[in-house]
Amino acid sequence: MHIQTFLFRTGAAALVAAALAACTTTPLPPARPGQTATPPVQKQALFIRPASGTTIGRFDGVRNKGLDIAGNLGDPIVASADGRVVYVGGELRSYGNMVIVKHNDTFLTAYAHAQTILVKENAVVRQGEKIAEMGRSDADRVKLHFEIRKNGTAVDPEPYLNGRLQD
């Protein structure tokens with residue numbers, strides 16, 4: 001790999017890691033006296049399970065910032081919700097080959113340890129669309145590590161996947 005390409009990809013990975021940590025939205029200005037503040041209409045993020053395997057690791061917020069889903073080499077990984085691919089690569093340590101999808105100003109999802117990635121950066125993906133195949137890149141076994149990030153902070157995906165939380 002050319003040194004410039006390596007440096008560019010490393011820099012891009014650092015930016016993606018910073019974006020995951022600092023994804024925020026701009027707060028509304030305070031309402032003027034006599035006016036009622038109407039919150040902006042925000043698209044609801046309705047997520048689906050990205051793989052059909054058994055959950056082998058649950059969110060704890062410290063050691064596991066998402067769900068680990070078991071599977072077989074090559075099993076499909078699908079987009080959990082509509083969005084735009086903002087990162088494809090393998091530069092983030094311990095995530096292996098991964099895809100990050102931005103769904104709106106609030107939510108990102110990350111799909112790690114892929115064997116094969118089927119989308120490119122800036123691609124628009126639809127909920128349920130196959131975006132990768134399960135693998136074990138940087139992992140001890142074949143699995144998908146799946147994260148939902150709300151305003152840059154990892155949140156427990158399970159309430160979003162079972163319909164209890166939508167925003």
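This is a guided tour of one predicted protein model, to be followed with the structure open in a viewer.

Because the model is predicted, local features need pLDDT of at least 70 and side-chain atom pairs count only at pLDDT 80 or more, while totals for chains, interfaces and linings use all residues. Residues are numbered from 1 along each chain as its sequence is written, and side-chain values use heavy atoms, with hydrogens and water left out.

**The whole chain**

Begin with the protein chain in a cartoon view, where there are two helices and 11 strands; helices (H or I, at least four residues) and strands (E, at least two) are DSSP runs, numbered from the N terminus. Following the chain from the N terminus, you pass the elements in the order α-β-β-β-β-β-β-β-β-β-β-β-α. Of its 167 residues, 40% count as buried, where buried means under 20% relative accessible area, exposed over 50%, and partly exposed in between (1.4 Å probe, protein chains only). Among contacts between residues at least 6 apart in sequence, 63% join residues at least 24 apart, a contact being heavy atoms within 4.5 Å.

**The nonpolar cores**

Next, select I77, Y111, I131 and L144, which have the most contacts inside the largest nonpolar core, a set of 26 residues. A nonpolar core is a set of buried Ala, Val, Leu, Ile, Met, Phe, Trp, Tyr and Cys residues joined through side-chain atoms within 4.5 Å. Among the elements that give two or more residues to this core are β6 (107–112), β10 (143–150) and α2 (157–161). A second, separate core has eight residues, including Y95, M98, L108 and A110.

**The aromatic pairs**

Now show the aromatic side chains, since a search of the whole structure finds four aromatic pairs. Rings of Phe, Tyr and Trp (its six-membered ring) pair if their centres lie within 6.5 Å, and planes under 30 degrees apart count as stacked, over 60 as edge-to-face and the rest as tilted. Select F107 and Y160, whose ring centres are 5.5 Å apart and whose planes stand at 70°, so this pair is edge-to-face. The pair links distant parts of the chain, with F107 in strand β6 and Y160 in helix α2, 53 residues apart. F107 is buried at a relative accessible area of 1%, and Y160 also counts as buried, at 5%. Add F47 to the selection, and you have the cluster of F47, F107 and Y160 that is linked by ring pairs.

Move on to Y111 and F146, a tilted pair with 5.3 Å from centre to centre and 50° between the planes. Because Y111 lies in strand β6 and F146 in strand β10, this pair ties together parts that are 35 residues apart in sequence. Both Y111 and F146 are buried.

**The salt bridges**

Finally, turn to the charged side chains, where the search finds six salt bridges; a salt bridge is a side-chain nitrogen of Lys or Arg within 4 Å of a carboxyl oxygen of Asp or Glu. Select E147 and R149, whose side chains meet at 3.0 Å, N to O; E147 is buried, with a relative accessible area of 1%, and R149 counts as buried at 10%. Salt bridges that share partners join D68, D140 and K143 into one network. Within that network, K143 and D140 meet at 3.9 Å, N to O, and here K143 counts as buried at 13% relative accessibility, whereas D140 is exposed at 69%. As a last stop, select E133 and K130, which form a salt bridge with their closest N and O atoms 3.1 Å apart; E133 is buried at 18%, while K130 is partly exposed at 37%.
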